[in-house]
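Thanks, everyone, for making time this morning. I would like to walk you through one model, beginning with its overall fold and then turning to its largest pocket, so please have a look at the structure before I go on.

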Amino acid sequence: MNVNLTPKPINFKFGEYINKGFELLKKDFGGVFVGFLVAFLMTIIPLCGLLAVGNYYKYLRKLTKNQPASPGEIFDFKDFMPYLILQLIIIGGVMILYIPITVILFMIGITSENGGEPSVISILFLIIFGICMLVGLLYFSLKGFYICALISFKGIIDIKTAWNISKVMSKGNLINIFLFSFVIGILSQIGILACGIGLFLTLPFMYTANYFAFEDAIQQIEYDEITEIGITEKY
């Protein structure tokens with residue numbers, strides 16, 4: 001764990017992140033949009049989707065801090081391994097969850113081929129298990145909401161460490177994070193009304209809003225040694 005981090009539940013500022021996301025789009029739409037296109041192109045490379053998104057957040061960070069930022073920096077493979085491991089864990093987890101569903105569907109298929117009707121119990125079990133799987137995936141994705149920020153902004157390459165920190169940070173905020181992700185997801189899809197082409201204009205908002213959620217969270221858990229020394233001296 002980074003020595004300058006003090007993991008704690010985050011004060012999640014729902015509206016602030018959305019407003020700042022819109023403000024960044026209005027302030028520097030060209031820079032945000034070009035960076036988004038570069039990140040989109042990078043996702044075409046197999047197993048580089050999460051890396052592209054993580055690098056895009058680094059790029060947005062530079063834009064907000066008025067630092068020199070080039071879209072070409074998104075094609076940076078420094079964090080490739082932690083993102084690769086994270087992506088493989090996600091793929092492996094989904095595949096494991098699908099094994100029981102595959103078995104159930106196989107049994108239902110055999111029953112149907114023999115001229116019988118699938119039992120109500122098997123269909124009900126399939127529906128219940130499917131719902132449980134979706135809830136489980138949603139839970140883990142919400143608890144791991146800050147993993148990307150911890151890798152890209154704080155250089156934490158151990159996925160277990162990033163997961164443990166993210167669990168603490170998201171504690172008590174799962175509903176807020178879910179609603180936030182849902183709202184920005186809907187807002188980012190507004191461009192579909194323009195024959196789909198507008199998606200390229202609205203999708204970047206999802207990333208700008210997420211960026212400010214990540215940036216604020218990291219600032220809240222950063223350990224300020226100077227401030228701590230000042231507090232100690234007062235006593």
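What we have here is a chain with 10 helices and zero strands, and since this is a predicted model, please keep that in mind through everything that follows. Read from the N terminus on, the elements are α-α-α-α-α-α-α-α-α-α.

Turning to how the chain packs, 39% of its 235 residues are buried, and of the contacts between residues at least 6 apart in sequence, 73% join residues that lie at least 24 apart. The accessible surface of the chain amounts to about 13400 Å², and carbon and sulfur atoms account for 71% of that area.

Now to the pocket. The largest pocket has a volume of about 1000 Å³, and among the 29 residues that line it, those closest to its centre are Leu 86, Ile 90, Phe 140, Ser 141 and Gly 144.

Which helices supply this lining with at least two residues each? They are α3 (49–64), α4 (80–113), α5 (120–143), α6 (147–154), α7 (159–169), α8 (174–188) and α9 (199–221). Of the elements involved, α4 provides the largest share of the lining, with seven residues.

As for the chemical character of the lining of the largest pocket, a count by class gives 21 nonpolar residues, seven polar residues and one charged residue.

To bring the two parts together, then, we are looking at a predicted model of a chain with 10 helices and zero strands, whose largest pocket is lined by 29 residues, 21 of them nonpolar.

Conventions:
Residues numbered from 1 in each chain as written. Predicted model: local features only at pLDDT ≥ 70, side-chain atom pairs only at ≥ 80, totals over all residues. Heavy atoms only, no water. 1 Å grid on protein atoms, 1.4 Å probe; cavity = no way out; pocket = protein on both sides within 12 Å on 5 of 7 lines; lining within 4 Å. Points joined across faces, edges and corners; volume = space filled by probe spheres on them. Helix = DSSP H or I, 4+ residues; strand = E, 2+ residues; numbered from the N terminus. Nonpolar A, V, L, I, M, F, W, Y, C, P; charged D, E, K, R; others polar. Buried < 20%, exposed > 50% of the residue type's maximum accessible area, 1.4 Å probe, protein only. Contact = heavy atoms within 4.5 Å. Areas by Shrake-Rupley, 256 points an atom, 1.4 Å probe, with all protein chains shown as cover.
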